[in-house]
Amino acid sequence: MKNRSTTAQSIRAVGRRGPAGIMALVAAATLAAATPAIAAKQQRQVAEAVAPRVAGDPIMAIVSIKSQQVTFYDADGWIVRAPVSTGTTGRETPAGVFAILEKNREHRSSLYDDAWMPHMQRITWNGIALHGGPLPGYAASHGCVRMPFGFAENVFDKTYIGMRVIVSPHDTVPTEFSHPSLFVPKPEAIAAVPGRADKLSAEAEEATRAADEAKKAASAAAKEAASLPTALRKLEQQKTRADAELAFADKMLANAKTDQARAKAEELKQKAATKAADAATQLEAAKAAAQPKRDAVAATKEAAKTAAARKTEAVKAATDAKLAGEPVSVYISRATQKLYVRRNTHKPAPDGGGEVFDTSIEVPVTIRNPEQPIGTHIFTAMAKTGTGLRWSVVTIENGDEARNALDRITIPQDVWDRIGPTALPRSSIVISDEPLSSETNYRTEFVAVLSNEPQGGFITRKPTAPAMVASDDGWDNGFGFFYRDPYVQPANPRRRSQYQYYQPAQPMQRGFW
């Protein structure tokens, strides 16, 4: 009775406030009546936050599937964080090591009926990305990582192609780390990079010009010699006919029965002999003249081959010298017993989408006790120090402790000598039990997926039937399905939607970076 009385009093009180008050009470009652399953899914929201300091350039982003949160880090720690919505059951966002491959402010999904995915930052070519989207308070996407709209917009201009994105099944943070196997740059080597790059670039340009000239010379020589076989064949045919005429004249002379016939045969033989001799002379002269041309073809062809090889070496040296001014990423796989190196060339991919990464280094490595798990550890050079680089480690799979993992690996010294002395902040070494994903190619840094974690959103990239409520405004396409609440106003002013998604209690500061 007390509850009924209280409810009646509340209704009368609201009634005195007019229709708006009644609607507010109805909305509250509707929310209270939400199914237990939905209520259970809506975990305590992580608040958007900005570090109370001046932020530097971002080095990595860590997405925690457990906490449904993304945190961006610079050299000094976290910068900003926000809640996210990752892949729902059967469409899970894969845990693993990724990097930003492509960016698009106004992306429309090619997989999900042109669904709007603003401020999209792709991390796999099969459709996994970070982008702005509705946040119902739990994992609800088709595999992407949805971020608050304003947050996604603010971080979009600060990130860059190749920036590390770590998707972890649990909560993890970068921890300061040191080890003798990590790169130790040499200041003199770094200082020499620009001059060496310029010098080798000039040499590469000269080698390219020389190769082009040698190729033209070889082409001209081949063109000039191209008519030789036909000309020689005609002269050989001419000589063959002349020899045949001489043989016929000899036969006629041998068969002559009268003086008149013999005289005629003698005259015919003289003419045939002269003609045969002339044909032989012309053929021999043509052969003699052809030989230098043939020699020129062989010589210019060999010169072009040599020049092309020099060009390849010079361009490779120039490329390496230029790339020495870029952060280097190393991936070591226990599964393949190989070490891979990636550096961004910043050249647009010829087939569109993303940039080209240098993939010229791939070598075997020795891993002690290769049958034992090593885990997945991401070592990152966060900043310069007086003696080298300050490193951090992020562990997303505990096969072995990070220090032990490095201790177990023997890396070819020539590889370390090639890339270590010029290592810069944002360089990284990733050690994992996993092989590189098939998503890794010349347009990617590294993509590696934890095989013992759900990855439905990675494996299956086609729309599924609605698990909850299908939207009629496009939000279900590529974002998942979520609880319909007709009384919550949309937080994104550019898209109207009648579905509930996360709104921060305190709006983020505009221009928080």
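In this predicted model, M252 sits in helix α6, which covers residues 228-255. With a relative accessibility of 33%, M252 is classed as partly exposed, because that value falls between the 20% limit for buried residues and the 50% limit for exposed ones. M252 also belongs to a nonpolar patch on the surface, where its partners are F248 and L268. Together, the three residues of this patch offer about 260 Å² of accessible area.

Attention turns next to the annotated positions. An unreviewed UniProt entry places the feature "active site" at H131 and C144. H131 is part of strand β8, made up of residues 129-132, while C144 falls in the loop between β8 and β9, the latter strand spanning 145-147. H131 has a relative accessibility of 0% and is therefore counted as buried. C144 is likewise buried, at a relative accessible area of 2%.

Another buried residue is S437, found in the loop that runs between β20 (428-432) and β21 (448-449). Its relative accessibility is 12%, so S437 counts as buried; the cut-off that matters here is 20%. A polar atom of the S437 side chain lies 3.0 Å from the backbone nitrogen of E439. When neighbours within four places in sequence are set aside, the residues in contact with S437 are V447, A448 and F458.

Charged pairs are the next topic, and a search of the whole structure finds 17 salt bridges. One of them joins the side chains of D74 and R53, with an N to O distance of 2.8 Å. This pair links distant parts of the chain, as D74 lies in strand β3 (residues 69-74) and R53 in the loop between β1 (49-50) and β2 (60-64), 21 residues apart. The two partners can be described by their accessibility: D74 is buried at 2%, whereas R53 is partly exposed at 33%.

A salt bridge also forms between the side chains of D76 and R390, at 3.6 Å from N to O. D76 is located in the loop between β3 and β4 (77-83) and R390 in strand β18 (residues 389-397), so this pair ties together parts of the chain that are 314 residues apart in sequence. D76 counts as exposed, with a relative accessibility of 62%, and R390 is partly exposed, with a relative accessible area of 25%.

Within a helix, the side chains of R209 and E206 meet in a salt bridge of 2.7 Å, N to O. Both residues belong to helix α5 (residues 187-225), where they are three residues apart, about one turn of the helix. R209 is partly exposed at 44% relative accessibility, and E206 is partly exposed too, at a relative accessible area of 43%. Elsewhere, K316, D320, R343 and R418 are joined into one network by salt bridges that share partners.

Definitions and conventions:
Residues numbered from 1 in each chain as written. Predicted model: local features only at pLDDT ≥ 70, side-chain atom pairs only at ≥ 80, totals over all residues. Heavy atoms only, no water. Helix = DSSP H or I, 4+ residues; strand = E, 2+ residues; numbered from the N terminus. Buried < 20%, exposed > 50% of the residue type's maximum accessible area, 1.4 Å probe, protein only. Polar contact = N/O pair within 3.5 Å; in protein donor to acceptor, adjacent residues only side chain to side chain. Contact = heavy atoms within 4.5 Å. Patch = residues over 30% accessible without salt bridge, like charges linked within 9 Å, V, L, I, M, F, W, Y side chains within 5 Å. Areas by Shrake-Rupley, 256 points an atom, 1.4 Å probe, with all protein chains shown as cover. Salt bridge = Lys/Arg side-chain N within 4 Å of Asp/Glu carboxyl O. UniProt positions renumbered as here; feature names shortened; annotations may be inferred.
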